[in-house]
Amino acid sequence: MENVKETGEPTFRIAAHDDIDALVALLESAYRGDSSRAGWTTEADLLEGQRTDPEGVGAVVAGSGSIMLAVERAGSLVACCQLERRGEAAYFGMFAVRPELQGAGLGKAVLAEAERTVAAEWGSREMHMTVIRQREDLIAWYERRGYTRTGKLTPFPYGDERFGIPQREDLAFELLVKTLGGPPS
């Protein structure tokens, strides 16, 4: 990937089919392997193998009840996230920021735009996400942004290598929830 300036305002757009390969590469770089260790969101100590695949990302890009936000700086993909409509709530997932750009506020900007988007587009009153419960630093980051731990756990899909190869036997996802503000008056 080319070098991208760490300054400048990000631009947000809805990802298209042509973005799928770049999105998969971004997601993999942020969570798996040695490249992910340049940032703080790595899951490399918990999971090996792939984080996602073109089919999974393509389903989000093409889905009628979902949006994949692509975030660019200087025309280069630097972050992304999945938004999915689930009744009055929205689901936030597939969140990635290029490892070398993490820790500089870009993730906060993406999360804020995601929350604004689901409230404006779908009238969503809550944002839901699931985070591997062992990711205490990441959960604390979300808590500082208004998300609450629910204690509701979902088992990790052991045996399904589409989600990675677990490096421990106690992985589970915890549901985090944030109430979103009402529409602007």
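No disulfides are found in the predicted model. Cys80 takes part in none, the nearest cysteine sulfur being that of Cys81, 7.1 Å away. Cys81 is likewise in no disulfide, with the sulfur of Cys80 as its nearest cysteine sulfur, at 7.1 Å. A disulfide is counted where two cysteine sulfur atoms lie within 2.5 Å, and at 7.1 Å the pair Cys80 and Cys81 therefore does not qualify. Cys80 is buried, with a relative accessible area of 0%. Cys81 is also buried, and its relative accessible area is 0%.

The protein chain contains five helices and nine strands. Read from the N terminus, these elements follow the order β-α-α-β-α-β-β-β-α-β-α-β-β-β. Of the 185 residues in the chain, 49% are buried. The accessible surface amounts to about 9500 Å², and carbon and sulfur atoms contribute 49% of this area. Among contacts with a sequence separation of 6 or more, 65% are between residues 24 or more positions apart.

Helix α4 spans residues 106-122 and includes Thr117. The relative accessibility of Thr117 is 7%, so this residue counts as buried. When residues up to four places away in sequence are set aside, Thr117 is in contact with Ile67, Leu69, Leu83 and Trp122.

Helix α5, formed by residues 136-144, has Leu138, Ile139, Trp141 and Tyr142 as its buried residues. Viewed down the axis of α5, these buried residues fall within an arc of 155 degrees, and they therefore line one face of the helix. Asp137 and Arg144 are exposed on the other side of α5. The cover over the buried residues of α5 includes helix α4 as well as four strands, namely β5 (89-97), β6 (126-132), β7 (148-155) and β9 (172-179). Helix α4, which holds the buried Thr117, is thus part of the surroundings of the buried residues of α5. Just after α5, Gly146 adopts a positive phi of about 95 degrees.

How values were computed
Residues numbered from 1 in each chain as written. Predicted model: local features only at pLDDT ≥ 70, side-chain atom pairs only at ≥ 80, totals over all residues. Heavy atoms only, no water. Helix = DSSP H or I, 4+ residues; strand = E, 2+ residues; numbered from the N terminus. Buried < 20%, exposed > 50% of the residue type's maximum accessible area, 1.4 Å probe, protein only. Contact = heavy atoms within 4.5 Å. Areas by Shrake-Rupley, 256 points an atom, 1.4 Å probe, with all protein chains shown as cover. Arc of directions from axis to C-beta.
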